[in-house]
Amino acid sequence: MTAHINAAKGDFAKTVIMPGDPLRAKYIAEHFLEDAREVTSVRNMLGYTGSWQGKPVSVMGHGMGIPSMVLYGHELINDFGVKRIIRVGSLGATQRQVQMRDVILAQAAGTDSVTNAKRSAGYHMPTSASFPLLLKAWEQAKAQGLSVRVGNIITQYWSAALVGALISTLIVTRMQIRHFLLMIISLALLLTSWIVSCGDLETLGYLTYGYGFVCAALYNAFIAYGVSFVKQASSRNVSFILISGSAGAMFSPAISSMAEKIVGLQTVMYAIPVLYGVILLMLLVSNFGFKRQAEAALA
């Protein structure tokens, strides 16, 4: 028994595949492993152990962000005897030769996160993969005829999100939340429209970084907006709002993945600014309703 993984000492194999999403871990176990069995489900962070080509392999989610990955990775290595962790997931690219669904093998992963800098006396040194393991992965991918590339990756999204959360918190204390929402939704509509039509890869990097800021600002603003109604709302409505927010965060990756599979990634990307436009229209109608109510109350 450990702080975050509830499993027996021998439940995990020496090699663990780790996606971020626990439901992706379940998918991998069900579709690629033989005789897979669930070995942990604490906090719904699903973990499975089975075999692949006769060799024991485990798969487990690690959650969102570097701290969560470090936490689960530390426990697997130090408490369960795991020797190899293979992180799997999806990412975007800034090089024109990289195509959709190419396999990217990260030889080093850089980030501006302070969490990683603490490992190397404050220096932002990329974490390097095990070369023998990286080489074997490359050989297997080439043998299967996959389009595979080896290179460095970097994660910068969360710093933009953190800045967005901090700045939005300051702003909503100094202006009406409804006005701030209209402003930030308009910015999101502009950014997403620019992203889907942008052909300059260098500019695209800055746009996505700005989009991280906007997403965090929107999240904070909508929470503040919802809280402003709590005094007038019934407990049922408050519970519905909270459940809707949690369900949206949980199911949006699955819904977007399904939509991408059915209509294609390009169509999904073009739908995003349309959705922001709908939300903006709803906010404008809501503000008009508030104005009418205020005028009626004064009359």
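**Exercise 1. Find the residue with a positive phi that comes after helix 4, and check whether the span of helix 4 agrees with its length.**

Helix 4 is followed by Gly145, a residue whose phi is positive, near 75°. The model examined here, and in the exercises below, is a predicted one. For the span, begin with the 13 residues of helix 4, which runs over residues 131-143. The expected span is 1.5 Å times one less than the number of residues, and for helix 4 this gives 18 Å. The end C-alpha atoms of helix 4 are 18 Å apart, which agrees with the expectation.

**Exercise 2. Determine which residues form the nonpolar patch on the surface, and which element gives the largest share of that patch.**

The patch is formed by Phe131, Leu135, Trp138 and Val150, which together have about 380 Å² of accessible area. Its largest share, three residues, comes from helix 4. Val150, in turn, lies in strand 8, which covers residues 148-155. With a relative accessible area of 38%, Val150 is partly exposed, and a patch residue must have over 30%.

**Exercise 3. List the residues that gather in the patch of positive charge, and place Arg84 in its element.**

The surface patch of positive charge gathers Lys9, Lys14, Lys55, Lys83, Arg84 and Lys136. Among them, Arg84 is found in strand 5, made of residues 84-87. The relative accessible area of Arg84 is 37%, so this residue counts as partly exposed.

**Exercise 4. Explain why a positive phi at Asp35 and at Arg43 deserves a remark, and state where each residue lies.**

Start from the general rule: most residues other than glycine have a negative phi. Asp35 is not a glycine, and yet its phi is positive, about 55°. This residue is found in strand 2, residues 34-40, and Asp35 is exposed, with a relative accessible area of 72%. Across space, the C-alpha atom of Asp35 is separated by 8.1 Å from that of Thr49, although the two residues are 14 residues apart along the chain.

Arg43 likewise is not a glycine and has a positive phi of about 55°. Its place is the loop between strand 2 and strand 3, the latter being residues 47-52. Arg43 has a relative accessible area of 55% and is therefore exposed, the cut-off for that word being over 50%.

**Exercise 5. State how many salt bridges the structure holds, and describe the parts of the chain that they join.**

The structure holds two salt bridges. In one of them, the side chains of Asp11 and Arg37 meet at 3.6 Å, N to O. Asp11 lies in the segment before strand 1 (15-18) and Arg37 lies in strand 2, so this pair ties together parts that are 26 residues apart in sequence. Asp11 is buried, with a relative accessible area of 16%, whereas Arg37 counts as partly exposed at 41%.

In the other, the side chains of Asp102 and Arg149 meet at 3.2 Å, N to O. This pair links distant parts of the chain, 47 residues apart, with Asp102 in the loop between strand 5 and strand 6 (103-111) and Arg149 in strand 8. Asp102 counts as buried at 15% relative accessibility, and Arg149 counts as partly exposed at 32%.

**Exercise 6. Compare the span of helix 6 with the expected value, name buried residues in that helix, and then relate Ile195 to Tyr206.**

Helix 6 consists of 21 residues, 177-197. From its first C-alpha to its last, helix 6 reaches 30 Å, close to the 30 Å expected at 1.5 Å a residue. Its buried residues include Ile177, Phe180, Leu181, Ile184, Ala188, Leu191 and Ile195.

Ile195 and Tyr206 are 11 residues apart in sequence, and their C-alpha atoms are 9.8 Å apart in space. Tyr206 lies in helix 7, which covers residues 201-227. Tyr206 counts as exposed at 64% relative accessibility, whereas Ile195 is buried.

Methods: Residues are numbered from 1 along each chain as its sequence is written. This is a predicted model: local features need pLDDT of at least 70, side-chain atom pairs count only at pLDDT 80 or more; totals for chains, interfaces and linings use all residues. Side-chain values use heavy atoms; hydrogens and water are left out. Helices (H or I, at least four residues) and strands (E, at least two) are DSSP runs, numbered from the N terminus. Patches are made of residues with over 30% relative accessible area and no salt bridge: like charges are joined within 9 Å, nonpolar side chains (Val, Leu, Ile, Met, Phe, Trp, Tyr) within 5 Å. Accessible areas come from the Shrake-Rupley method with a 1.4 Å probe; for residues, only the protein chains shown count as cover. A salt bridge is a side-chain nitrogen of Lys or Arg within 4 Å of a carboxyl oxygen of Asp or Glu. Lys and Arg count as positive and Asp and Glu as negative; His and the chain ends are not counted. The place of a charge is taken as NZ of Lys, CZ of Arg, CG of Asp or CD of Glu. Buried means under 20% relative accessible area, exposed over 50%, partly exposed in between (1.4 Å probe, protein chains only).
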